[in-house]
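This note is offered to a colleague beginning the study of protein structure. Please keep the sequence and the model in view while reading the points below.

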Amino acid sequence: MDDILTGKIIGAAIEVHKNLGPGLLESAYQECLFYELKTKGLKVLKEIPLPIIYKYIILNHGYRIDLLVENEVVIELKTVEKFTSVKLCEFSVKLCETI
């Protein structure tokens, strides 16, 4: 991942937040961020299925990657009132599952 790609993603996320503000559903932010990233000329896929691999068996449990940018960056959108240790733990587990 390079600094240019990272800068475009962060810039798009800031633009969405500036225009929408806090308090909406994740799906609203996802659609707007998808739009912003596409207008920056990036290849973006949304709602990519992510199976669980358990004892060499692929289980389609229903996990989904919110946005995949340039086949390099996974974006998992979260709307929370504040980050608690439980929320951070959940985020860490999801992140590890995508690696």
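1. Gln-30 is found in helix H2, which covers residues 26-39. The model discussed here is predicted. Is Gln-30 buried or exposed? Its relative accessibility is 8%, and because buried means under 20%, Gln-30 counts as buried.

2. The surroundings of Gln-30 deserve attention. When its neighbours within four places in sequence are left aside, Gln-30 is in contact with Lys-46, Glu-47, Asp-66, Leu-67 and Leu-77. Lys-46 and Glu-47 belong to strand S1 (44-54), while Asp-66 and Leu-67 belong to strand S2 (residues 57-69).

3. Lys-46 also takes part in another arrangement. Its charged end sits over the ring of Phe-34, at 4.3 Å from the centre of that ring. Phe-34, like Gln-30, falls within the residues 26-39 of helix H2. As for pairs of aromatic rings, the structure holds zero.

4. The overall arrangement may now be described. How many helices and strands does the protein chain have? There are three helices and three strands. Along the sequence, these elements follow the pattern α-α-β-β-β-α.

5. Two loops contain residues with a notable backbone angle. Most residues other than glycine have a negative phi. Lys-55, in the loop between strand S1 (44-54) and S2, has a positive phi near 50 degrees. With a relative accessibility of 62%, Lys-55 counts as exposed.

6. Glu-70 is the other residue to examine in this respect. Although Glu-70 is not a glycine, its phi is positive, at about 55 degrees. Glu-70 lies in the loop between S2 and strand S3 (73-75). Its relative accessibility is 30%, so Glu-70 counts as partly exposed.

7. Which residues form a nonpolar patch on the surface? They are Tyr-54, Ile-57 and Leu-59, and together they have about 300 Å² of accessible area. Ile-57 is placed in strand S2, which spans residues 57-69.

8. Finally, some totals for the protein chain should be recorded. Of its 99 residues, 23% count as buried. The chain exposes about 7,300 Å², and carbon and sulfur atoms supply 61% of that area. Among contacts between residues at least 6 apart in sequence, 46% join residues at least 24 apart.

How values were computed
Residues are numbered from 1 along each chain as its sequence is written. This is a predicted model: local features need pLDDT of at least 70, side-chain atom pairs count only at pLDDT 80 or more; totals for chains, interfaces and linings use all residues. Side-chain values use heavy atoms; hydrogens and water are left out. Rings of Phe, Tyr and Trp (its six-membered ring) pair if their centres lie within 6.5 Å; planes under 30 degrees apart count as stacked, over 60 as edge-to-face and the rest as tilted. A charge sits over a ring if NZ of Lys or CZ of Arg is within 6 Å of the ring centre and within 35 degrees of the ring normal. Patches are made of residues with over 30% relative accessible area and no salt bridge: like charges are joined within 9 Å, nonpolar side chains (Val, Leu, Ile, Met, Phe, Trp, Tyr) within 5 Å. Accessible areas come from the Shrake-Rupley method with a 1.4 Å probe; for residues, only the protein chains shown count as cover. A salt bridge is a side-chain nitrogen of Lys or Arg within 4 Å of a carboxyl oxygen of Asp or Glu. Helices (H or I, at least four residues) and strands (E, at least two) are DSSP runs, numbered from the N terminus. Buried means under 20% relative accessible area, exposed over 50%, partly exposed in between (1.4 Å probe, protein chains only). Contact means heavy atoms within 4.5 Å.
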